[in-house]
Amino acid sequence: MRFDVVTIFPGMFVPAFQQGVIGRAIERGRVELHAHDLREHTRDRHRQVDDMPFGGGPGMVMKPEPVIEAVESIRASNKGPVIITEPWGEPFHQQLAAELAKESGLIIVCGRYEGIDDRVRTALGAREVSIGDYVLSGGEIPAMVIIDAVARLVPGVVGDPGSLAQDSFSDELTGWPQFTRPAEYRGMTVPEVLLSGDHARIKQWRRQQAAQRRRVSQTKEVRQT
Ligand code: JAH
């Protein structure tokens, strides 16, 4: 699967994907990642990618021409959907990752400043995606999150397909407390059931623990003041 990213900071993507499972998948050619410098698609002397917002207001807006021309230059080699990472986009989740992993590629545009001229979204038919309700300084880290979550679903990227939280994510088959050796550390012991060798009991215990953990975590929510 091929990922093309349009960004003013292509260098951010280099170290991020030199490591780990995705780094190895890139080395082995199962995943291709191309980070394109938006400024290469400017024509003015100052290589300007932003300008003042029509209607006034604080900050700057990303100019449409460099982004649209960058994506057009990528199009020949990547036929996948265009995604813009924005705080107000549709929520990113495992199901969307699985859907996107079926594509031959993805083109991700990373926003900066107060936003991107909205004609980019219309002209490119882009899908706006959010990884959570908070404001970052740009769309690069969300783009990395999306690439990581999608790339690991590409066949052959994750060695043991049993580790893929795909079908197991929404039901309670995942997220139980894990332990490894030593069986006792600073007086803290491993639950006896895990040492019992009774696989039926272990399975039942894990299921119950995962459900309880999920309930506890998910009832911690922001209170409106
Ligand atoms: C911030 C452009 N969903 C997280 C997210 C995504 C994008 C941005 N912030 C948060 C962002 C500034 C400029 C995009």
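**Exercise 1.** Work out which backbone atom lies 3.2 Å from a polar atom of the side chain of threonine 85, and place that residue in the fold.

*Solution.* Start with the atom pair: the partner is the backbone oxygen of glycine 139. For reference, a polar contact is a pair of N or O atoms within 3.5 Å; within protein, one must be able to donate a hydrogen and the other to accept it, and residues adjacent in sequence count only if both atoms are side-chain atoms. Mind that this is a predicted model, where local features need pLDDT of at least 70 and side-chain atom pairs 80 or more, while totals for chains, interfaces and linings use all residues. Numbering runs from 1 along each chain as its sequence is written, and side-chain values use heavy atoms, with hydrogens and water left out.

Next, the location: threonine 85 sits in strand E5, residues 82-91 (a DSSP run of E, at least two residues, numbered from the N terminus).

Then burial: threonine 85 counts as buried because its relative accessibility is 4% (buried is under 20%, with a 1.4 Å probe and protein chains only).

Last, the surroundings: beyond four places in sequence, threonine 85 has contacts (heavy atoms within 4.5 Å) that include Ile108, Val129, Gly139 and Ile146.

**Exercise 2.** Find the strand order of the open sheet of 5 strands, and say which strands stand at the edges.

*Solution.* Reading across, you get E2-E1-E6-E5-E7, with parallel pairing (a pair needs at least two DSSP bridges). E2 (32-37) and E7 (127-130) are the edges: each has a single partner strand, so one side of each lacks a neighbour in the sheet.

Now zoom in on one pair: E1 (residues 2-7) and E6 (residues 105-110) run parallel over 5 bridges, and arginine 2 has glycine 105 as its bridge partner in E6.

Key: Helices (H or I, at least four residues) and strands (E, at least two) are DSSP runs, numbered from the N terminus. Buried means under 20% relative accessible area, exposed over 50%, partly exposed in between (1.4 Å probe, protein chains only).
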